[in-house]
Amino acid sequence: MDFDRNLHHGELGLTDAQMVEMYRLMLTARRVDDRMFALQRQGRAPFVVGSSGHEAVQVASVFALDRAKDWVLPYYRDMGVGLAWGFSPEDIFLGAFAKKSDPMSGGRQLPGHWSSPELRVLTQSSVIGTQYPHAVGIAQAIVTRGEDAVVVVYGGEGSTSEGDWHEAMNWAGIRKLPIVFVIENNHYAISVPSEEQVAGSLAARALGYGFPGVEVDGNRTLRVLKVMQEAVARARAGEGPTLIEAGTYRYYAHTSDDNDALYRSREEVETWRKRDPVARVRQYLIENRLLTEAEEDALDEEVVHVLAEAVELAEAAPAPDEPTSRVYARVIQPGPAATEPERTPTGETVNLITAINRALHEILEAYDDTVVFGQDVARRKGGVFKATQDLTERFGAKRCFNTPIAESSIIGAAIGMSAAGFKVIPEIQFADYIHPAFDQIVSEAARISFRSDGRWNVPIVIRTPYGAGIHGALYHSQSIESFYTHVPGLKVVVPSTPADVKGLLFTAVEDPDPVIFLEPKKLYRLAKGPYPEGEHRVPLGRAVIRHVGSDLTIIAYGAMAHFAMEAVPVLEELGISPEVIDLRSLKPLDWPTIEESIKKTSRALIVHEDNEFVGYGAEIAAQIADKTFEYLDAPVRRYALTDVPAMPYAGSLENELYPSPEGIVRHAQDLAKY
Ligand SMILES: Cc1ncc(C[n+]2csc(CCOP(=O)(O)OP(=O)(O)O)c2C)c(N)n1
């Protein structure tokens with residue numbers, strides 16, 4: 001039989017025993033599929049993704065790696081990678097039956113979503129392509145620590161159409177990262193043939209990103225091993241990434257929910273079955289006298305027996321019973337309620353942007369494992385607002401560096417790097433440009449603790465300037481808090497004073513969960529106050545009373561907290577005593593402080609510069625109406641941006657729309673009169 005002509009396992013450094021082991025793993029992957037689809041037909045496993053046909057590329061690629069130090073990010077079809085990397089059949093069936101002791105997700109994810117901190121396999125999602133920037137971040141961590149480990153990230157050819165793939169390829173090429181991209185080109189993405197997915201050669205695309213791309217027959221085990229060994233050697237030698245496009249074919253339908261007869265012929269499947277990688281290795285072992293036919297049959301029987309035992313154990317395991325646990329790595333308990341303003345800290349008076357820059361310097365000084373990256377953040381420029389100025393000079397280019405203009409991969413790389421042990425503080429230049437990273441924030445960062453049953457967490461602090469009032473027009477004025485406060489798994493804070501900047505930034509960096517740190521850029525130069533000397537922390541989930549009053553409660557944050565304080569003397573002049581709460585932490589929310597205040601004043605005015613409809617204030621209004629109804633003497637009011645798509649440029653228009661101290665006075669007067 002035609003097998004890896006001119007190649008022998010010995011010349012690739014494999015012993016006979018390793019060659020047999022490779023076959024055993026390929027055969028196991030094949031038999032897992034047979035068993036899984038049978039279980040699915042019997043109604044015992046709800047959903048199956050097959051790997052049959054892909055075994056050569058999956059198993060051989062692992063044999064080029066060092067399982068003691070390298071990382072792999074297999075995708076959902078990578079049964080061969082999973083088995084070869086060290087997951088046991090029982091691990092796999094626990095996932096298939098969605099059991100509590102499923103080591104990958106505790107029964108929360110679909111099967112095949114690999115995860116293991118011990119094995120250095122970062123938890124995977126179902127979102128096509130999001131894993132690639134994670135690989136970049138892990139590789140960045142490896143390089144920063146000066147290790148010689150390699151990251152291998154896998155995906156189908158369909159995934160290479162996603163922006164995340166291109167962003168990751170670009171970043172990996174620029175920074176010469178130790179990554180091998182293995183694309184298992186099985187010629188279909190569900191029903192879409194590869195010619196409708198990719199024009200020209202996939203492998204050739206690597207050249208455009210500044211590194212080699214290699215095409216290999218993915219059904220020829222030793223050829224895959226050879227190109228993989230070369231790619232891994234390049235990566236270990238610091239020569240950068242390689243793209244491997246391995247042509248292969250899947251024998252089953254896309255998943256157990258798919259009917260492949262609708263898009264490919266039986267003849268085509270049969271043609272590929274003649275190139276079966278498992279049969280080819282079986283033949284090779286016989287021809288090279290590594291196993292006899294009888295020994296191969298015995299091995300097959302043994303594999304089937306091992307799987308049967310794993311099925312039995314896994315099926316008998318208990319079902320999961322904690323649907324709400326592990327949303328956060330650290331749950332913040334609210335309270336006790338604040339009823340008095342906080343003591344003003346002592347320190348030099350600075351503005352908000354100076355406070356951010358100082359706090360970042362202090363944080364990078366205090367924690368060697370902190371890293372800042374983003375667009376324009378490096379060197380003397382230090383960001384378009386100068387928040388990161390001189391961090392590179394002081395801490396070096398490994399601790400503060402520029403990235404390409406590619407927000408999704410900025411967050412994706414931050415996820416990977418933080419999973420690999422760093423505390424990452426990425427900057428998104430303006431909140432208006434965070435939207436391309438929505439998927440990485442919401443589908444990845446926010447879910448990683450929950451979906452891995454608490455085995456992974458990603459301590460990233462996403463800093464971004466937000467809000468209007470600076471003539472920034474449609475794309476430099478947006479408020480984004482309601483998008484992210486809606487998402488379990490995230491924490492969201494908004495400092496409005498230099499002291500809170502320091503206190504919240506330190507606390508956010510020390511927190512194990514992803515935190516979105518929204519900087520009200522209207523206040524960058526407007527808000528001045530003492531920058532606390534020495535240790536200073538503001539707990540997450542703790543609001544502050546900025547002014548004590550008795551007639552009504554104004555609940556605000558960011559620039560609006562500042563405006564509310566401007567309204568205070570005017571209201572007092574008018575005989576109205578307002579209490580002002582600056583929330584500081586939007587998620588978690590300090591409900592006890594709001595509740596105490598409403599019980600005292602019986603009136604609530606919520607102010608924010610985001611749109612009113614389904615804005616953040618709607619949640620607070622609902623909670624006040626629900627939980628303090630008997631204390632209220634007036635309806636709960638909101639003063640927020642009218643529902644326009646974005647802030648217009650003309651001063652006359654912005655002034656009309658932007659909530660103001662005068663507007664707060666007007667609304668407070670109305671409410672007090674009610
Ligand atoms: C972002 C995203 N879009 C769509 C899907 C639905 N989907 C799941 S698998 C798949 C095809 C992926 O094909 P490919 O990357 O070639 O891998 P294969 O399944 O062929 O191994 C699609 C479209 C998804 N999971 N994620």
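What percentage of the 674 residues of the protein count as buried? In this predicted model, the share that counts as buried is 60%. The fold comprises 24 helices and 21 strands. The points below treat the protein as a whole, then two residues, Thr-464 and Leu-571, and finally helix H2.

**Overall dimensions and surface**

- The radius of gyration of the protein is 29 Å, which agrees with the value near 26 Å that a compact globule of 674 residues would have.
- Along the principal axes, the C-alpha atoms occupy a box of roughly 100 × 55 × 45 Å.
- The protein exposes an accessible surface of about 25300 Å², and carbon and sulfur atoms account for 51% of that area.

**Contacts and charges**

- Of the contacts between residues at least 6 apart in sequence, 80% link residues that are at least 24 apart.
- The protein carries 67 positive and 94 negative charges, and the mean positions of these two sets are 3 Å apart.

**Thr-464 in strand E12**

- Strand E12 spans residues 461-466 and includes Thr-464.
- Thr-464 has a relative accessible area of 0%, so this residue is buried, the cut-off being under 20%.
- A polar contact of 2.9 Å runs from the side chain of Thr-464 to the backbone oxygen of Ile-428.
- Ile-428 also appears among the residues in contact with Thr-464 once neighbours within four places in sequence are set aside.
- The other residues in that set are Phe-430, Ala-431, Ile-434, Ile-480, Phe-517, Leu-518 and Glu-519.

**Leu-571 in helix H20**

- Leu-571 belongs to helix H20, which covers residues 559-573.
- The relative accessible area of Leu-571 is 0%, and Leu-571 is therefore buried.
- Beyond residues up to four places away in sequence, Leu-571 touches Ile-554, Ile-576 and Pro-578, together with Val-665, Ala-668 and Gln-669.
- From C-alpha to C-alpha, Leu-571 lies 93 Å from Ala-294, and the two are separated by 277 residues in sequence.

**Helix H2**

- Helix H2, made up of residues 55-62, is mostly covered, with 8 of its 8 residues buried.
- The buried residues of H2 include Ala-56, Val-57, Val-59, Ala-60 and Val-62.
- Glu-55, Gln-58 and Ser-61 of H2 are buried as well.

Key: Residues numbered from 1 in each chain as written. Predicted model: local features only at pLDDT ≥ 70, side-chain atom pairs only at ≥ 80, totals over all residues. Heavy atoms only, no water. Helix = DSSP H or I, 4+ residues; strand = E, 2+ residues; numbered from the N terminus. Rg over C-alpha atoms; globule rule 2.2 N^0.38 Å. Buried < 20%, exposed > 50% of the residue type's maximum accessible area, 1.4 Å probe, protein only. Contact = heavy atoms within 4.5 Å. Areas by Shrake-Rupley, 256 points an atom, 1.4 Å probe, with all protein chains shown as cover. Lys, Arg positive; Asp, Glu negative; His and termini not counted. Charge placed at Lys NZ, Arg CZ, Asp CG, Glu CD. Polar contact = N/O pair within 3.5 Å; in protein donor to acceptor, adjacent residues only side chain to side chain.
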